[in-house]
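Biologist: Hi, I'd like a quick tour of this structure. Can we take it piece by piece?

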Amino acid sequence: MNITVASAALAVNEKLNIKKRRIKNGKSKTRLSLVTGTHGDELEGQYLAYMVGSYIDEHIDLLDGIVDIYPALNPMGIDSITRGIPMFDLDMNRIFPGSKNGTMAEVICSAIADDLAGSDICIDVHSSNIFLREIPQIRMSVPTAETLLSYAEMMNVDLVWIHESATVLESTLAHTLNTRGTKTLVVEMGVGMRITKQYCDQLFDGVFNLMKELGMWKGETAFVRTPIISQGREVGFVNSDAAGIFVPCAAFGDTVKKGDHIGDVVDPLTSAVVEKVEAVCDGMLFTLREYPVVYGGSLLARILQPGVSGGGEK
Amino acid sequence: MKKKVLFSLRSPYREQLDIIGFCFGSGRKTAAIVGAMRGNEVQQMFVCSRMVQELKKLEAQGKITDGCEIMVIPCVNYYSMNIGKRFWAMDNTDINRMFPGYDLGETTQRIADGLFSQIKDFEYGIQLASFYQPGNFLPHVKMMDTGFNDPKLMKDFGLEFGLIRKPRPYDTTTLNYNWQVWETKAFSVYANATEDIDEDAADDAVYSILRFLDKHKAVNTTTPLGYNTKIINEANTMQIRSEHAGIFKSLIEIGKRVDKGDVLGVITDPLDGELISEIKSTVSGTVYFEYHDPLINSNTVCFKIIK
């Protein structure tokens, strides 16, 4: 059953409609919401939404509960390859919980948050942006970790990144829902504007494992991996100091030692290596730059090592 | 006047970005005035360029107070201005959502840090601000209610209205908010336009800043008589939103007084021209914001009224 969660009239002969699909079977009222497409340049969740929905369709008798799939919170953004809401300054994931009496974007966000609230669990799927590739991971703030960590461990991700909370992140969808008592996991994986089938397959197994653990799925599920938990570890950030073209020589997911050569920033005009990029610490490369053009400050890699955690939600 | 490069950033394909500051007087860091941080803030840059002209004249006349330094930074993000983008050209991030910045962080965090490190120690901070929607503002001054600042200081600009805004989570990374956290008394001055130049409104903004600087004895100058500024909490102003979408036409000018029930604008069907809705004022007061774009979506703020 397709349901319009929020709607607003656009200037010329069109409505902005936020839709969800509800799949329901059995007697249980346990509800899992799979939500994605907040940022229009993040597409990994599109394929995951399709996979989850189509698999349940094929095995509907194994479902005992409600699965709500929201594939596109920002449909105009996805349609126009725009990260934010077109013609709106603020990131959509910085204006939750929205307002019933606010601007168009705030009214939409308010309706989305109200519709999602009350789910037993919500999975908010993000990709990285077009610049970085990320291993499948779940991010959560320290205050929510006690509630969320056990669920995150069921999700077949490689990493659970527990970061300090920040005031600016109080306006995310996940913060809004967690504050309202709806447990919400923020998934981050892959790269912007692309679909990484391998990661979607991995998360697919995690979603069904979670459903099984919640008593919503009676079918067989795949064995899930145990994620690395960032708590007690430090995340090393590798930023470019020079401007040019970044060419990595380490592979995504590699384990590196501090000082290892992981890539170069080169100048195509002078044919010079303008920066030799080295690992800032020992650990695993769990983020690696995908888009080659860099300025001073461009993030090139993140490395997970033992120490104190840091970072942030999308 | 001294022209200083406050921060530089190398680009792979363009000339180096140099953020320029114009410094007048020397000694105690008294006032920093920041213009365009977005690529479409042409009016904000223009007001600052006018301030540079006025301060040059005052300096030549010996009317910058001894021991006071005033810095004007007309344009932080001309990279985006030169290619017609509002946000940072490479990754579309907003420099004004990156404060206080981070010198080892991402590019726009480094720009924010490079700028903020140069302006955070000033006693007064004045930002020429723009609104995220296309529209015109009655020149006014605004400050965030962080508890660090005295709203009555807004009276010293002599603009008709001074608004107090309660910060939201997304405001906590703006220049204005962080200035206050670092104990600078920070204000946003709205000079009507953004992408167009409105010379009258620019004059009002320049006079208001000079009035403020004169009041605080940073300069010695005479300006046209200002208003007895009315200080208002932004939450007590009325936002009038469109209930429908279509072609928008405003029927009122900013600065006009309206009564409850007055028709402020109309929306017509963009295809057949039929009148869809009349936008009526729900309160009596002064219009201080007017949406300025022929096309309008539903739930768009089209007028703001000070009751």
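Modeller: Sure. One term to begin with: two residues are in contact if their C-beta atoms, placed from the backbone, lie within 7 Å. Keep in mind that this is a predicted model.

Biologist: Good. Let's use that on chain B. How is chain B divided into domains?

Modeller: Domain 1 of chain B covers 2-233, and domain 2 covers 237-306. The centres of these two domains, taken over C-alpha atoms, are separated by 30 Å.

Biologist: And how many residues of each domain are in contact?

Modeller: Domain 1 of chain B puts in nine residues, and domain 2 of chain B puts in 11. On the domain 1 side, strand β6 (residues 135-137) of chain B gives the most, with three residues.

Biologist: What classes of residue are on that domain 1 side of chain B?

Modeller: Five are nonpolar and four are polar. There are no charged residues on that side.

Biologist: Now chain A. Where do its domains start and end?

Modeller: Domain 1 of chain A is 2-229, and domain 2 is 233-306. Their C-alpha centres lie 30 Å apart. Nine residues from domain 1 of chain A and 10 from domain 2 of chain A make the contact.

Biologist: Which strand supplies the largest share of the domain 1 side in chain A?

Modeller: Strand β6 (residues 132-141) of chain A, with four residues. By class, the domain 1 side has seven nonpolar residues, two charged and no polar.

Biologist: Back to chain B as a whole. How many helices and strands does chain B have?

Modeller: Five helices and 18 strands. Its radius of gyration is 20 Å, and the globule rule gives 19 Å for 307 residues. Those values are close, so chain B is as compact as a globular protein of that length. Its C-alpha atoms fill a box of roughly 60 × 50 × 35 Å along the principal axes.

Biologist: What share of chain B is buried?

Modeller: 50% of its 307 residues count as buried. As for contacts in chain B between residues at least 6 apart in sequence, 64% join residues at least 24 apart.

Biologist: Next, the two chains together. How many residues of each are in contact?

Modeller: 31 residues of chain B touch 28 residues of chain A. On the chain B side, α3 (107-119) and β17 (295-296) each supply at least two residues. α3(B) gives the most, with three residues.

Biologist: And the classes on that chain B side?

Modeller: 13 nonpolar, 13 polar and five charged residues.

Biologist: Let me pick one residue. Is B:D259 buried or exposed, and why?

Modeller: B:D259 counts as exposed because it has 9 C-beta neighbours inside 10 Å. The cut-off for exposed is 12 or fewer. B:D259 is in the loop between β13 (257-258) and β14 (263-268) of chain B.

Biologist: What does B:D259 touch, beyond its neighbours within four places in sequence?

Modeller: B:S281 and B:S284. For a sense of distance, B:D259 and B:F87 are 38 Å apart, C-alpha to C-alpha. In sequence they are 172 residues apart.

Biologist: Switching to sheets. In what order do the four strands of the open sheet in chain A run?

Modeller: The order is β14-β13-β11-β16, and the pairing is antiparallel. β14 (272-278) and β16 (293-294) of chain A stand at the edges with a single partner strand each, so one side of each has no neighbour in the sheet.

Biologist: How is β11 of chain A joined to β16(A)?

Modeller: By two bridges; β11 is residues 244-248. Four bridges join β11(A) to strand β13 (residues 261-267) of chain A. Take A:I245 as an example. It stands opposite A:V293 in β16(A) and opposite A:V266 in β13(A).

Biologist: Last one, helix α3 of chain A. How many residues does it have, and how far does it reach?

Modeller: It is residues 104-116, so count 13 residues. From first C-alpha to last it reaches 19 Å, close to the expected 18 Å. A:G118 follows α3(A), with a positive phi near 100°.

Biologist: Which residues of α3(A) are buried?

Modeller: A:M104, A:A105, A:V107, A:I108, A:C109, A:S110, A:I112 and A:L116. Their cover includes β1 (2-10), β2 (14-25), β3 (31-36), β5 (121-127) and α5 (173-179) of chain A.

Key
Residues numbered from 1 in each chain as written. Chains lettered and ligands numbered in written order. Predicted model: local features only at pLDDT ≥ 70, side-chain atom pairs only at ≥ 80, totals over all residues. Nonpolar A, V, L, I, M, F, W, Y, C, P; charged D, E, K, R; others polar. Buried ≥ 20, exposed ≤ 12 C-beta atoms within 10 Å, placed from the backbone. Pairing = 2+ DSSP bridges. Rg over C-alpha atoms; globule rule 2.2 N^0.38 Å. Domains from an automatic or database assignment. Expected span 1.5 Å × (residues − 1).
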